[in-house]
Number of protein chains: 2
Amino acid sequence: MGTLRKITLGIAGFGTVGGGLLQILSMNRDALAARSGCEFVVRTVCVRDASRPRGVPLPEGARLTTRLADITEDPAIDIAVELMGGIEPACTFIRGALAAGKHVVTANKALLARHGTELLRLASEKGVRLLYEASVAGGIPIIQTMKESLAGNEVCSIDGILNGTSNFILSEMTSKGRDFDSALAEAQRLGYAEADPTLDIDGWDTAHKLTLLIRLAWGLDYPCDKMPVQGIRGMNSMDITYAREFGYRIKLLGSARMTPQGIDAGVYPALVRHTYLLARVGGAFNAVRLEANALGALFLHGQGAGALPTGSAVMSDIVAAARGTMPLNSGFMSQTPLPASCLPPEESVSPYYLRFIVKDNPGVLHTLTGALAANGVSIAQVIQKEECAEGVPLILMLHAAPAKAVNAALDSVGRADFLCAEPVAFRVMG
Amino acid sequence: MGTLRKITLGIAGFGTVGGGLLQILSMNRDALAARSGCEFVVRTVCVRDASRPRGVPLPEGARLTTRLADITEDPAIDIAVELMGGIEPACTFIRGALAAGKHVVTANKALLARHGTELLRLASEKGVRLLYEASVAGGIPIIQTMKESLAGNEVCSIDGILNGTSNFILSEMTSKGRDFDSALAEAQRLGYAEADPTLDIDGWDTAHKLTLLIRLAWGLDYPCDKMPVQGIRGMNSMDITYAREFGYRIKLLGSARMTPQGIDAGVYPALVRHTYLLARVGGAFNAVRLEANALGALFLHGQGAGALPTGSAVMSDIVAAARGTMPLNSGFMSQTPLPASCLPPEESVSPYYLRFIVKDNPGVLHTLTGALAANGVSIAQVIQKEECAEGVPLILMLHAAPAKAVNAALDSVGRADFLCAEPVAFRVMG
């Protein structure tokens, strides 16, 4: 092996992922040495509350601090690892570490979605690495795949199951017939969902990750706050059941594709044909399906969260920075993504699943189909289900249509008095 | 963009993959420039027969030659791309190019399985890159994932569907009820199988690829000729049908796992539980499932062959060499893999599917179960199927047992006169 090169780490944040990283550094010390020729020494760990007990012991010789400057201002530290999450103080910390000429490894998708362009520019000016494999899809090597393996491709589309919490909830509803609230409670009990699950179940976590993937696919900045985002909150188990009957699973997708009018991107629950690998992603797993003009379709599936899988992704970035590989942070020569031209969400075209609950009156179907026809939307299939407590469920599977046409049809039906509940519209994949 | 750096290529071999690479160089010129800052110029293409017409035009300014030395001896060429396949003259060509200080990109698994260690050593001595992403699983970025993304892991196991031809044949037999010969003929008609399909259907192509994956997982050399290799030639559609009835699909797997006694590796058709993603790999697709101690399970699925997907993998290596990334050819500091200690194949432990065709005599099941019991093999399930033309099919699903115990039991039954056909034994996954 010869002598090992010493690489000194400063880690900000000692939660789940920080603990996972320390575990990996200790349990895989030999593998790391064999693969990188380096000995990784943790010099400083910064936490908010130094008195809190931790499940993972601090490495020998490491100093616990509550001052982030003990990392950014320490010239002995080669790589600053940001695992705090949130916007501040993480952003100031990363800025400070980059400005001090340190490589930075982070798992912070919310921060990168919002300030990634600025931070990438700073890293590029300083000639250091800003690596973020752990920020999307946990242990799945999607960032590296997009930077390196797709180098000879034009990316056509990205479809990802990027939020394990939402996928766990939908899987529980599908396989165990639970309703939304009980599935969410189960996710919280198992530690898959936070006490405040807003970011996860309302789709924002997926939107942050999709923003990063768009940047890597096309070198373009899609403003996250312009993205149409619909989560799974309040998902009705009726729709899960009907989707299943028709051969689909409902999944929360982050999707983006390049169109001649700009990037068509969004986050929404969608019916995915059961024969698709994406439909087979169960529990808290994540998956990404890429389509590119040379590669064709590529599907990656793995653990989207958890101490060790996410720690593994952080570790691969640390090794890359130590090895001196991956000089490109953005995957493009231009280290600063350009603003994307975005397809207006209402122009986005997709097949749809519509579900109404109606009174059993004459003329109802005639009115609904009339509203769709008037907006040029064509129907693939109509299924009337048996009457339930709320009324008669009526499902219309639509051929591909622009969102604005479907919305206009729904608006024109408005609050018709034959509607017993707000209509539900989901996109359909496959 | 600024000025592009010129990278000069010499390509040996102008078959399917060579044509795909030239197509990518031309159709994705802009994407390549944006991602690498380079202009890739093909200076020389070497073919066996210069008069043969080609489907893809030669790039402007490129010279067609039949002399490999026109590439290896040309100091203007930065990267030599070997796409001829076979052992010679490919080996001499790569050796020559490395010796001349050129980076080499190859898709040649048979050559790397046999001479990889020598060639990796030479590349390391010369300080150049020997990259081979296209040699395993076509467009799937498995080589890079193992080198980079698993850097912080101990790899536990690899299970791959690595031969598209065999998977296509098994898929046709499963979904269309074809017999082996007709499925093979269909694969040949569609261009998925060569006129001589030996390497594919007898498992050797999978064995070559598995040898490369073992090297990347553990930095160890498993001698390919010591590996137990069983292909799918003559697969009986009866077993496909029974497997399906029990909730399994038969797949040709290349599998390796680290055990305390050494690497347990082999190529064999196996029953894979239908809920596993590996069971869902259809047609000519490839997939790899990795398990590692931090990452957990990772599943990659994509096009295992074809001009553009394989060309895409070749292209990603060319870009990596041009970018100056990935200085490690082997994924380990030691660029020369050490000899592996191999688990003797007869010690390998697995659940099994056994299928007999027997005469409808009294005592048959008693004799069979006795032979298993005498060898310490325990039975999970016995299914007697309805009598067919050849006799009565009898299926025994076994709990995990060492191969030697199962083989000894089969040997002791020997050529018992109640056997109407040679017994069939397949491993079971899941």
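A good place to start is A:Thr206, which sits in helix H10 of chain A, a helix covering residues 204-218. Please keep in mind that this is a predicted model. From that one residue we can step back to the chain around it.

**A closer look at A:Thr206**
- Is A:Thr206 buried or exposed? With a relative accessibility of 0%, A:Thr206 counts as buried, because buried means under 20%.
- Which residues does A:Thr206 touch, once neighbours within four places in sequence are left aside? A:Thr206 is in contact with A:Leu162 and A:Asn163, with A:Leu252, A:Leu253 and A:Gly254, and with A:Val267.

**Fold and dimensions**
- Chain A contains 14 helices and 17 strands, and helix H10 is one of those helices.
- The C-alpha trace of chain A spans about 80 × 45 × 35 Å along its principal axes.
- Chain A has a radius of gyration of 24 Å, which agrees with the value near 22 Å that a compact globule of 430 residues would have.

**Packing**
- Of the 430 residues in chain A, 60% are buried, and A:Thr206 is one of these buried residues.
- Among contacts in chain A with a separation of 6 or more, 72% are between residues 24 or more positions apart.

**Surface and charge**
- The exposed area of chain A is about 16,200 Å², and 50% of that area is supplied by carbon and sulfur atoms.
- Chain A carries 39 positive and 41 negative charges. The mean positions of these two sets of charges lie 5 Å apart.

Terms used: Residues numbered from 1 in each chain as written. Chains lettered and ligands numbered in written order. Predicted model: local features only at pLDDT ≥ 70, side-chain atom pairs only at ≥ 80, totals over all residues. Heavy atoms only, no water. Helix = DSSP H or I, 4+ residues; strand = E, 2+ residues; numbered from the N terminus. Rg over C-alpha atoms; globule rule 2.2 N^0.38 Å. Buried < 20%, exposed > 50% of the residue type's maximum accessible area, 1.4 Å probe, protein only. Contact = heavy atoms within 4.5 Å. Areas by Shrake-Rupley, 256 points an atom, 1.4 Å probe, with all protein chains shown as cover. Lys, Arg positive; Asp, Glu negative; His and termini not counted. Charge placed at Lys NZ, Arg CZ, Asp CG, Glu CD.
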